[in-house]
Amino acid sequence: MISRRSFGRALGFGTGAAAVSLAGLGSAQTASAASGAPLGTPAAHTGFPRLKQVRAGLLDVGYAESGPAHGPVVICLHGWPYDIHSYVDVAPLLAEQGYRVVVPYLRGHGTTRFRSGRTFRNAQQSAIALDVIALMDALKIEKAVLAGFDWGSRTADIVAALWPERCKALVSVSGYLVTNREANLNPLAAKAEYAWWYQYYFATERGRLAMQDKDLRRDLTRLVWDTVSPTWAFDDATFERTAAAFDNPDYAAIVIHNYRWRLSLADGERRYDALEKRLAARPVIGVPTITLDAERDPFTAPGDGASYRDRFTGAYEHRTLAGIGHNVPQEAPAAFARAVIDADHLLGK
């Protein structure tokens, strides 16, 4: 997740029994309306039962799908440097509760491809958000719960803010992550800048070349995993399953453009100017929302969600996950799944 704001350790609910449980967060109605149904223990899945492709807007989108075809829809959006496997344990938990879970590869990742070689490999925030709208249209999904972290949080936030009629509820790790490029021109404290080392590396030609080199790319992304999830004891196989998504031919171009665009070092496309103007005004989000902060994520802002609370004007809850790092859905799948179910029923509480 990349936003220009203060960084530091989040203020959690505490440790031990006071911390958010990773096996189930209290009681909530499920998609089947069974009040208080507990979530099962995540089973450390290694893959998805169904992988599909669909033409959607500018892309041929690769996505995983779990759960009943006519269940209420949840769309789970991954971040960088991750892929759909961030939701490999979340998806079956939600599917068991009656949800249809759709987990797409973002543009430049996995099996998602641009339909035309002439399309500019653009990764500005509004373009990625429109990919989600196009996917929903292609799958004839009128409305869905949107849930994400990192790039996925930003994308879900934007859809919820600009197209609230398409978003039933929202789960957003790190809260309000809509990029403000003007604010991004201002320097941060040294420790905060240090956490963004790769963002500045990608601003250089050396960084671009590193992203194009398979071995250097794997070393760099593995280092990011290690540093932003200091308590997550993932193994080599877990990383390699995700790293395979980085071999997409457009991966380097998408990653480099995304980070350079945020720092105003690369231009977007004029066709998205009107949307970006609306986003620059920091629109509020009125759909039911649960925000999650990860205590051990170096990018989590202090204040237990206070820095972005005013951006959410509808039914709202905030939770801090003690001992969890950046890749929240894969590190704490039950807590993430519980947040999705609870967000879906916030208006009924």
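How many of the residues of strand β4 (residues 100–104) are buried? In this predicted model, β4 is mostly covered, with 5 of its 5 residues buried. In a regular strand the side chains alternate between the two faces of the sheet. The buried residues of β4 are accordingly listed by side: R100, V102 and P104 lie on one side, V101 and V103 on the other, and both faces of the strand are covered.

The pairing of β4 may be followed next. Strand β2 (residues 59–66) runs antiparallel to β4, and 4 bridges join the two. Within β4, P104 stands opposite Y63. Strand β3 (residues 73–77) also pairs with β4, here in the parallel sense and over 3 bridges. V102 of β4 is the bridge partner of I75. Between β3 and β4 the chain passes through helix α1 (residues 90–96), and the resulting β-α-β crossover is right-handed. Both V102 and P104, which have these bridge partners, belong to the side of β4 that also holds R100.

A second covered element is helix α12 (residues 333–344), in which 12 of 12 residues are buried. Here buried denotes a relative accessible area under 20%. The residues concerned are P333, A334, A335, F336, A337, R338, A339, V340, I341, D342, A343 and D344. An α-helix has 3.6 residues a turn, so residues three or four places apart point the same way. The length of α12 can also be checked: at 1.5 Å a residue, its 12 residues should span 16 Å, and because the end C-alpha atoms are 17 Å apart, the expected and modelled values agree.

Key: Residues are numbered from 1 along each chain as its sequence is written. This is a predicted model: local features need pLDDT of at least 70, side-chain atom pairs count only at pLDDT 80 or more; totals for chains, interfaces and linings use all residues. Side-chain values use heavy atoms; hydrogens and water are left out. Buried means under 20% relative accessible area, exposed over 50%, partly exposed in between (1.4 Å probe, protein chains only). Two strands pair if DSSP finds at least two bridges between them. A crossover is right-handed if, with the strands pointing away from the viewer, the path from the first strand over the helix to the second runs clockwise. The expected span of a helix is 1.5 Å times one less than its number of residues.
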